[in-house]
Amino acid sequence: MRGTDYVVKRVFFAVVTVFVAVTLNFILFRTLSGDAVSALRCRQCTPQFKAYERKQLGLDQSKLKQYWLYVDNLAHGDLGRSLRTQEPVWSTLWDPLKNTMPMVILGTLFSIVFGVITGVMCAWRRGTGTDKAGLWGSLAFYSMPPQWLGLMIVLFVAGALGLPTSGIKDPTLGILSTPSTWTVIVDRLRHMVLPALTLGLVLYGEYTLIVRSSMLETLGEDYVLTARAKGLSNWATVWKHGLRNAMLPVITLVALSLGFIIGGAITIEYVFSYPGIGLEIVEAIDQRDYPILQGAFLLLTFSVIFFNLAADLLYFKLDPRVTE
Amino acid sequence: MSGLLEVEDLHVWFDLPHQRELHVVQGVSFGVDRGERLGLVGESGCGKTTTILALMGLLPPTASVAGRVMLDGEDVLTRGERSLAPRRWKDVSMVFQGAMNAFNPVRRVGEQLVEPMELHGIAGGQMAERRAGELLERVGIPAARARSYPHEFSGGMRQRAAIAMALACNPKLLLADEPTTALDVMVQAQILELLIALANDLGLALILVTHDLPVVAQTCTAAAVMYAGEIVETGPMDALYHGPKHPYTRLLFAATPDLESRDVVVSIPGAPPRLDEAIAGCPFRPRCDRAISRCGVERPRLLQVGHDHEAACHVAERATEPLASGGAGLAGEA
Amino acid sequence: MTAVEQVSEVPAPRARVPRLRRVLESPVFATKQSLAGLIILVLFVLVALIGPLFIHGDVREKVGPVFAPPSSKFWLGTDGGGADMVKLLVMGARVSLLVGFAAAAVSALIGGVIGLLSGFVGGKTDIVLMRITDYVLVIPDIPLMIVVAALFGRSLTNIILIIGVIYWTSTARLLRAQTKSIRERVYVQRARALGASNTRLMLRHVLPQLTPLLIANTVLLIAYAIFAETFITFLGLGDPSVVSWGRLIENAFTDDAILNNAWWAIVPPGVCVTIVVLACTMMGQALEDSFNPRLRSGHLSVRRFRLRPVPPPREVE
């Protein structure tokens with residue numbers, strides 16, 4: 001199969017990065033912040049209790065042993081327990097994550113669509129007013145802090161559109177009668193739109209830039225001239241030859257932006273009180289619930305690594321020139 | 001004279017910053033008949049590529065054009081895109097300079113051959129694919145390679161594939177821009193022979209643009225020599241080869257030591273004039289070894305200097321010295 | 001004549017052109033955008049430096065009613081604590097810009113050193129450094145920032161360091177590529193043949209050529225840093241003793257400015273951040289663009305070539 005070693009290389013890289021992330025996580029939390037137990041505050045948390053707990057959790061052993069223990073736990077899916085609720089970190093994070101995923105996906109879709117449309121438009125009408133307006137507009141949005149944009153949207157737009165600005169569901173739903181699945185879905189979507197829109201607006205600028213320059217470069221290529229020489233219309237040339245080639249960098253960009261997407265999502269969820277993993281993180285920060293933070297960081301890092309790998313492989317599949 | 005292609009007084013300008021212009025093609029006229037092979041010769045920058053791009057209406061928006069381009073009697077320039085687009089590839093097709101890049105790297109070669117066929121309704125689906133395979137075979141590439149991607153072909157193969165692609169819709173006229181530059185010697189010879197064979201077999205008219213004299217001498221039945229945007233000499237290959245009248249043509253042939261050695265770079269001391277300023281007198285004068293006083297004052301026009309043979313030179317008007325040149329065979333009539 | 005002498009076809013770095021002319025020719029003034037960016041940035045820096053001189057006492061003191069709308073007394077109204085928005089913005093400018101410049105400097109330093117070393121020395125050092133860069137790149141920046149900020153405490157210095165240590169990768173990559181190409185240039189080879197040590201080569205010959213690109217990249221880093229600061233502060237991890245634009249946005253949120261319809265507490269700090277980040281981005285992009293080859297003209301566009309009448313034949317004397 002073509003390029004098996006490319007695939008192997010990429011997967012290997014991903015795995016190594018996972019280990020680096022895990023180790024980094026460990027170093028940050030265990031070695032430098034004091035261990036989880038000393039931060040415990042509860043009525044029965046006397047020094048003796050803490051010593052006992054330490055022993056239980058293996059915190060009295062050497063750092064290296066702790067590391068292996070940590071990795072071993074991870075491999076079994078054990079991310080530790082929340083300091084506040086004593087619930088397993090994994091289950092505490094899983095529910096909010098289920099809320100965040102669709103919102104982030106929707107937001108990314110918005111940004112890709114906005115970005116591609118403006119990028120193509122700018123490239124098509126290069127040098128004209130449309131080009132400049134498109135660029136400036138997208139750059140302006142890109143320069144806005146997501147939380148601030150969220151606040152602005154709540155302030156000026158939400159009311160006009162009649163969309164809810166907090167939570168993920170209408171609390172009155174289901175009180176008087178069981179709502180249909182459709183109603184529930186619509187309700188969820190309505191709550192998701194504004195946060196996703198904010199995310200989309202903040203991110204699309206980068207896509208516009210990339211699509212535009214990629215498109216310009218593609219349009220200057222000889223095979224585009226050939227296509228026109230064959231008699232294809234402007235539109236057909238763009239669609240059949242320009243777009244596909246110009247889109248390749250977009251895929252890479254999505255992967256590279258993931259870190260930023262997640263980060264932006266965190267602050268946006270805070271603003272919209274959207275019960276996702278971002279909000280969970282904020283609360284954990286507030287309460288100094290380090291295991292949750294640690295677990296969330298790992299989770300987010302893993303997903304970014306995973307999507308990077310997926311993008312690499314996708315790009316590989318789409319561009320036959322990549323063999324490395 | 002009515003022929004397949006008649007170009008009358010073609011001018012092309014390119015916009016420059018600060019309201020200036022580059023007068024790249026300055027009143028070029030020529031014609032090609034079915035089965036004829038015309039060579040368009042000159043140094044880089046003399047306007048030959050721009051000329052043939054203009055024939056297909058493929059100039060960028062910074063260009064302005066004047067003149068007439070008659071394809072089968074119809075003026076395609078003034079009729080505009082609506083008249084040009086359906087003719088592209090069907091009546092006139094092109095093999096670009098550096099055909100390496102003429103192919104879209106992310107699609108298979110066969111697909112790209114099929115594309116114009118389907119676009120112009122020549123063939124579709126399976127039939128088109130079969131035809132693509134046949135075209136490839138004709139240029140010496142196994143039909144099975146239609147499934148390959150462009151980067152999997154060697155340079156020479158890509159050039160041949162580009163020729164095959166250009167023939168996809170049975171054009172009447174093929175424009176070939178430097179089809180053999182950047183190819184090694186052996187491959188060059190193959191490509192040229194291929195072009196001649198195709199022209200003969202298919203009754204194809206060919207315009208071959210190049211700066212490489214031996215290529216033209218071998219392949220073409222007639223030639224037009226361009227300098228600084230103008231045609232300075234034109235006529236049957238024989239006449240040009242044995243009796244060039246314009247000093248530039250003479251120097252071109254003389255600067256090439258031997259037809260056998262593929263010395264691609266033709267070098268004459270000096271450089272071509274700038275095209276953004278008006279020139280007094282003959283543009284070749286600074287580099288000419290035969291200039292007379294009249295050359296600095298009056299622009300020479302294309303005048304008859306032999307049968308079907310024209311040259312734009314004051315000196316040629318008077319002189320009739322033949323120039324003997326030995327060398328290998330020329331391309332004669334079919 | 002030795003072989004080394006003969007090699008000098010390529011000119012060495014520019015001769016001593018009068019400094020002012022050099023400055024005026026620099027790419028910053030090339031496009032209107034980058035010039036505008038520069039002017040805006042300079043304006044903000046001036047305000048940040050000079051403004052606080054006119055402000056006495058603690059900016060956060062209550063001097064008027066809570067969330068008072070803009071009036072002739074308070075041009076931008078008051079915030080949730082009754083403090084003057086204008087004064088808050090000016091003080092905030094100082095801190096935000098400070099964080100921006102300082103963090104960018106840290107990033108530039110780290111990235112520059114790594115990039116220079118990596119590109120110049122090559123070999124194993126290069127491979128190792130680039131591997132490290134790759135790993136750091138994949139780890140998401142904002143979660144990492146948040147986590148480290150949550151762990152390490154909330155002082156301004158810490159925040160500057162955190163931002164600086166996370167964003168050096170782009171600089172490193174850029175400078176490495178540029179160093180590699182410069183290293184092969186003739187005058188460097190010549191200096192090396194004449195016996196210059198590696199350090200000397202790096203400092204005197206390579207570094208000056210890197211400076212323009214480094215500046216272009218650093219300007220973009222400033223934008224990132226100011227941006228990142230707003231993130232950190234918004235999540236409550238900022239330095240509680242200073243006022244920054246990020247903090248103003250956070251305050252507006254936690255003080256429920258929206259419920260009070262107090263747009264004047266929300267809009268201005270964000271506008272300031274947006275403008276400064278935009279200015280830096282435009283400037284940085286323009287600078288970086290000037291170092292890249294121009295994009296070729298497209299074969300596709302809405303307008304086609306134009307037709308015009310045939311010019312009259314040239315006069316014959």
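This section describes the folds of chains A and B and the contact between chains A and C in a predicted model.

Chain A contains 11 helices and 0 strands. Read from the N terminus, its elements follow the order α-α-α-α-α-α-α-α-α-α-α. Of its 324 residues, 42% are classed as buried. Where contacts in chain A link residues at least 6 apart in sequence, 76% of them connect residues at least 24 apart.

Helix α6 of chain A, covering residues 146-161, departs from a straight course. A straight helix of 16 residues would extend over 22 Å at 1.5 Å a residue, whereas the end C-alpha atoms of α6(A) are separated by only 20 Å. A kink of about 45 degrees is present in α6(A), with its centre at Val154(A). Val154(A) is also one of the buried residues of this helix, a group that further comprises Pro146(A), Gln147(A), Trp148(A), Leu149(A), Gly150(A), Leu151(A) and Ile153(A). In general, an α-helix has 3.6 residues a turn, so residues three or four places apart point the same way. Following α6(A) comes Gly162(A), which has a positive phi, near 65 degrees.

Chain B combines both kinds of element, with 11 helices and 12 strands. Buried residues account for 49% of the 334 residues of this chain. Of the contacts in chain B between residues at least 6 apart in sequence, 65% bring together residues at least 24 apart.

Strands of a sheet pair through backbone hydrogen bonds, either parallel or antiparallel. Strand β1 of chain B (residues 5-15) is paired with two other strands. With strand β2 (residues 21-32) of chain B, the pairing is antiparallel and extends over 9 bridges. Within this pairing, Leu5(B) has Val32(B) as its bridge partner, and Val7(B) is matched with Phe30(B). The two strands, β1(B) and β2(B), constitute a hairpin with 5 residues between them, and His18(B) in the turn adopts a positive phi of about 65 degrees. With strand β4 (residues 63-71) of chain B, β1(B) again pairs in the antiparallel sense, here over 8 bridges. In this second pairing, Trp13(B) lies opposite Ser64(B) of β4(B).

Strand β1 of chain B also includes Asp9(B). Although not a glycine, Asp9(B) shows a positive phi of about 50 degrees. Asp9(B) is classed as partly exposed because it has 14 C-beta neighbours inside 10 Å, a count between the limits for exposed (12 or fewer) and buried (20 or more).

A further sheet in chain B is open and consists of 8 strands with mixed pairing, in the order β6-β7-β8-β3-β9-β10-β12-β11. Its edge strands, β6 (92-95) and β11 (303-306) of chain B, each pair on one side only. From one strand to the next, the twist averages 25 degrees. Within this order, β3 and β8 of chain B are adjacent. Strand β3 (residues 37-41) and strand β8 (residues 205-210) of chain B run parallel and are joined by 5 bridges. In this pair, Val41(B) is positioned opposite Thr210(B) of β8(B). Helix α6 (residues 155-166) of chain B packs on the sheet and touches β6 and β7 (173-177) of chain B. The direction of this helix makes about 170 degrees with that of β6(B).

The contact between chains A and C involves 50 residues of chain A and 38 residues of chain C. On the side of chain C that touches chain A, at least two residues are supplied by each of α5 (123-138), α6 (141-152), α10 (198-234), α11 (245-254) and α12 (263-290) of chain C. Classified by type, this side of chain C presents 28 nonpolar, 8 polar and 2 charged residues.

Two of these helices of chain C, α11 and α12, are linked by a loop that contains Asp256(C). Asp256(C) has a positive phi, near 60 degrees, in a residue other than glycine. Because Asp256(C) has 11 C-beta neighbours inside 10 Å, and 12 or fewer qualifies a residue as exposed, Asp256(C) is placed in the exposed class.

How values were computed: Residues numbered from 1 in each chain as written. Chains lettered and ligands numbered in written order. Predicted model: local features only at pLDDT ≥ 70, side-chain atom pairs only at ≥ 80, totals over all residues. Helix = DSSP H or I, 4+ residues; strand = E, 2+ residues; numbered from the N terminus. Contact = placed C-beta atoms within 7 Å. Pairing = 2+ DSSP bridges. Nonpolar A, V, L, I, M, F, W, Y, C, P; charged D, E, K, R; others polar. Expected span 1.5 Å × (residues − 1). Bend = angle between axes of the 7 residues up to and from the residue. Axes fitted to C-alpha atoms, helices over the stretch in contact; angles between N-to-C directions.
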